[in-house]
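Please take a moment with the sequence and the model shown below. The report that follows moves from the whole chain to its sheet, its helices and two single residues.

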Amino acid sequence: MAFERVFSGAPWEQKVGYCRAIKAAGQIYVTGTVAVGDDGQSLFPDDPLRQTRRCLELIDKAFRELGADLSKVVRTRFFVTDISRWSEIGEAHREVFGDHPPATTMVEVKALIAPDFLVEIEADAVIE
């Protein structure tokens, strides 16, 4: 079985030993993605809507690098630090997936890897 990987360049990839996304056996898996800029710095503190939009942009970029698009996503997972802001997060998800909704889960967690991050998203897709 062949594997194709893409990397984001985030400092955590090298430290922890993971990639942004991997394609294998007709599926794509995108690792937890937070709202970072091209310089690796966190974006939009205290704005879960904009953070979610940025996460989804980065996920879309990974899919495109692997020759797919977000219409193939079958599952998303949200890890959020304040579940009471679910509607803002959900709004950004609907903007992207409204025409092809995947199964999804949103879970509140105590913290993410840095205090500025409010949202982390994973995505899985079937492409064959």
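How many helices and strands does the secondary structure of the protein chain come to? In this predicted model, the count is 3 helices and 6 strands.

## The chain as a whole

Followed along the sequence, these elements are arranged in the pattern β-α-β-β-α-β-α-β-β. The C-alpha atoms of the protein chain occupy a box of roughly 40 × 35 × 20 Å, taken along the principal axes. The radius of gyration of the protein chain is 14 Å, and because a compact globule of 128 residues would have a value near 14 Å, the two agree.

Of the 128 residues in the protein chain, 39% are buried, while the accessible surface comes to about 7,100 Å², with 50% of that surface belonging to carbon and sulfur atoms. If one takes the contacts between residues at least 6 apart in sequence, 67% of them join residues that are at least 24 apart.

## The sheet

The 6 strands form an open sheet with mixed pairing, and their order across the sheet is β1-β2-β3-β6-β4-β5. At the edges are β1 (3–6) and β5, each of which pairs on one side only. Neighbouring strands of this sheet are turned by 10° against each other on average, when direction is ignored. In general, strands of a sheet pair through backbone hydrogen bonds, either parallel or antiparallel.

Which strands does β4 pair with, and in which sense? With strand β6 (residues 119–126), strand β4 (residues 73–80) pairs in the antiparallel sense over 7 bridges, and within this pairing F78 has I121 of β6 as its bridge partner. With strand β5 (residues 103–108), β4 runs parallel, and 6 bridges join the two. Among the bridge partners found in β5 are A103, which is the partner of R75, and V107, which is the partner of F79.

## Helices against the sheet

Helix α2 (residues 48–65) lies across five named strands, β1, β2 (21–24), β3 (27–33), β4 and β6, and runs at about 30° to β6. Helix α3, for its part, lies across β4, β5 and β6, and runs at about 160° to β4.

Helix α3 (residues 86–97) also belongs to a right-handed β-α-β unit, which is made by β4, α3 and β5. The two strands of this unit, β4 and β5, are the parallel pair joined by 6 bridges.

## Two residues in contrast

Is Q51 buried or exposed? This residue, which has its place in helix α2, has a relative accessible area of 0%, and Q51 is therefore buried, since buried means under 20%. Leaving aside residues up to four places away in sequence, Q51 touches A35, L43, F44, P45, D46, D116, F117, L118 and V119. Of these contacts, V119 falls within β6, the strand that spans residues 119–126.

The place of G9, by contrast, is in the loop between β1 and α1 (11–16). At 61% relative accessibility G9 counts as exposed, because the term applies to values over 50%. G9 and A25 are 16 residues apart along the chain, and their C-alpha atoms are separated by 25 Å.

Technical notes:
Residues numbered from 1 in each chain as written. Predicted model: local features only at pLDDT ≥ 70, side-chain atom pairs only at ≥ 80, totals over all residues. Heavy atoms only, no water. Pairing = 2+ DSSP bridges. Helix = DSSP H or I, 4+ residues; strand = E, 2+ residues; numbered from the N terminus. Right-handed = clockwise from strand over helix to strand, strands pointing away. Axes fitted to C-alpha atoms, helices over the stretch in contact; angles between N-to-C directions. Contact = heavy atoms within 4.5 Å. Rg over C-alpha atoms; globule rule 2.2 N^0.38 Å. Buried < 20%, exposed > 50% of the residue type's maximum accessible area, 1.4 Å probe, protein only. Areas by Shrake-Rupley, 256 points an atom, 1.4 Å probe, with all protein chains shown as cover.
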